[in-house]
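User: I would like to go through this model and ask, for each label put on it, what the label rests on.
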There are 2 protein chains.
Amino acid sequence: MTHYRSGCPIASTLDIVGDKWSLLLLRAMVVGATSYSDFLAAPEKISTNILAERLRRLEAAGLIVRVHPRHGSNRGVYALTERGAALLPALQELARWGEAHLPDRWAAPERFYAARPEDFGAGREPSSG
Amino acid sequence: MTHYRSGCPIASTLDIVGDKWSLLLLRAMVVGATSYSDFLAAPEKISTNILAERLRRLEAAGLIVRVHPRHGSNRGVYALTERGAALLPALQELARWGEAHLPDRWAAPERFYAARPEDFGAGREPSSG
DNA sequence: GATTCTTACTTGCATTTTGCAAGTAAGAAC
DNA sequence: GTTCTTACTTGCAAAATGCAAGTAAGAATC
């Protein structure tokens, strides 16, 4: 249960994902991260305690799901939910701003801007037919 | 001088405005806040030390400008720069997500979604002719 | 033109969040 | 069955945020 600072939808969204790391974890998932070690490999170097806690929070908030491929396996796999993938447009706008207004930033990969929320969403794989 | 966690444009943008308050201050300006006391009146109740420090940071980052209407006046006026106003699309996406995915949030005012970056920008008032 | 009010802060300290380094537990590889 | 990898937890240090009170200077009031 998150405590909201106000009813404002921006403030409330930030109360969920407005910490120092959550949006970067979602970004990583958009470009393919699925495991704990994938997140650790990101260039920003999140520490392990924060990562574990943040994954729990994002799962509790329904933005990601955790799947253990085989029962009892230590190798977990994380995926975006529809709700989590719906933050993609916000991520894209933040990226666009950074590229346009900050010096010497990397260009986000083409597939990042090309991605759509519908491309993700656990349990809702786009059918090919 | 901000220290960037990485070259990623999302991470870098968040290194500038990804704290608990900056985006809410920009939001307030989009809907008309111009003075220190306007910011304090926002429903999230920022404390005065944080507000003063954040306004300095946003000014240093070139997202807002501080104008003292008459020389030596204590009544300061803040305005979005072009750079600051360029974050509007990101704010709008965050708001959309909150309205769509969180329960019982306020609806942002029409003029918030209708606003365009070009409507703002200190020293660049849209000419009427 | 002195008192009071308002605006815009600063300061000091408590609390919360984040960061770092080390340790652990369990399955997978060899 | 020992070693490696993955996925964490724990303890403590540091940084960010929050709260309450104080301050300084212009603006309004008398």
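The exchange below takes the relation of the chains, their interface and the two DNA strands in turn.

Analyst: One caution before the questions: this is a predicted model.

User: What makes chain B and chain A copies related as by a two-fold rotation axis?

Analyst: Chain B is superposed on chain A by a rotation of 180° with 0.0 Å of shift along the axis, and the RMSD is 0.0 Å. The two copies are therefore related as by a two-fold rotation axis. In chain B, A90(B) has the C-alpha nearest that axis, at 2.6 Å.

User: How do you know that the same surface serves both copies?

Analyst: By the overlap of the contact residues: 100% of those of chain B recur in chain A. The contact takes 41 residues from chain B and 41 residues from chain A.

User: How much area is buried between chain B and chain A, and what share do carbon and sulfur atoms give?

Analyst: About 3,800 Å² is buried between the two chains, and carbon and sulfur atoms give 72% of that area. On the chain B side, R5(B), I10(B) and W97(B) supply 19% of what chain B buries against chain A, more than any other three residues.

User: Which helices of chain B supply at least two residues each to the side that touches chain A, and which gives the most?

Analyst: The helices are α1 (9-17), α2 (22-30) and α6 (88-101) of chain B. The most comes from α6(B), with 10 residues. By class, this side of chain B has 25 nonpolar, seven polar and nine charged residues.

User: How many salt bridges does the rule find across the interface of chain B and chain A?

Analyst: Zero. The rule asks for a side-chain nitrogen of Lys or Arg within 4 Å of a carboxyl oxygen of Asp or Glu, and no pair across this interface is counted under it. Polar contacts are another matter: 18 residue pairs between chain B and chain A are counted, with both residues at pLDDT 80 or more.

User: Turning to the DNA, why is T48(A) said to make a polar contact with a base of DNA strand D?

Analyst: The cut-off for a pair of N or O atoms is 3.5 Å. A polar side-chain atom of T48(A) is 2.7 Å from a base oxygen of DNA strand D, so the pair falls within the cut-off.

User: What are the distances from R56(A) and R66(A) to phosphate oxygens of DNA strand D?

Analyst: For R56(A), a polar side-chain atom lies 3.1 Å from a phosphate oxygen of DNA strand D. For R66(A), an N or O atom of the side chain is 3.5 Å from a phosphate oxygen of DNA strand D. The elements giving two or more residues to the surface near DNA strand D are α3 (36-40) and α4 (48-60) of chain A and α4 (48-60) of chain B.

User: Which residues come nearest to DNA strand D, and what part of the strand do they face, by atoms within 4 Å of the protein?

Analyst: Of 23 residues around DNA strand D, the nearest are T48(A), N74(A), Y78(A), W21(B) and N49(B). Among the atoms of DNA strand D within 4 Å of the protein, 60% belong to sugar or phosphate and the rest to bases. The surface near DNA strand D divides into five nonpolar, 11 polar and seven charged residues.

User: What makes R54(A), R56(B) and T48(B) polar contacts of DNA strand C?

Analyst: Each distance is set against 3.5 Å. A polar side-chain atom of R54(A) is 2.9 Å from a phosphate oxygen of DNA strand C, and one of R56(B) is 3.1 Å from a phosphate oxygen of that strand. T48(B) places a polar side-chain atom 2.7 Å from a base oxygen of DNA strand C.

How values were computed:
Residues are numbered from 1 along each chain as its sequence is written. Chains are lettered from A and ligands numbered from 1 in the order in which they are written. This is a predicted model: local features need pLDDT of at least 70, side-chain atom pairs count only at pLDDT 80 or more; totals for chains, interfaces and linings use all residues. Side-chain values use heavy atoms; hydrogens and water are left out. A residue is near a molecule or strand if one of its heavy atoms lies within 4 Å of it. A polar contact is a pair of N or O atoms within 3.5 Å; within protein, one must be able to donate a hydrogen and the other to accept it, and residues adjacent in sequence count only if both atoms are side-chain atoms. Helices (H or I, at least four residues) and strands (E, at least two) are DSSP runs, numbered from the N terminus. Ala, Val, Leu, Ile, Met, Phe, Trp, Tyr, Cys and Pro count as nonpolar, Asp, Glu, Lys and Arg as charged, and the others, Gly among them, as polar. Copies are superposed by least squares on the C-alpha atoms of residues with pLDDT of at least 70 in both. Contact means heavy atoms within 4.5 Å. Buried area is the accessible area (1.4 Å probe) that two parts lose on being put together, summed over both.
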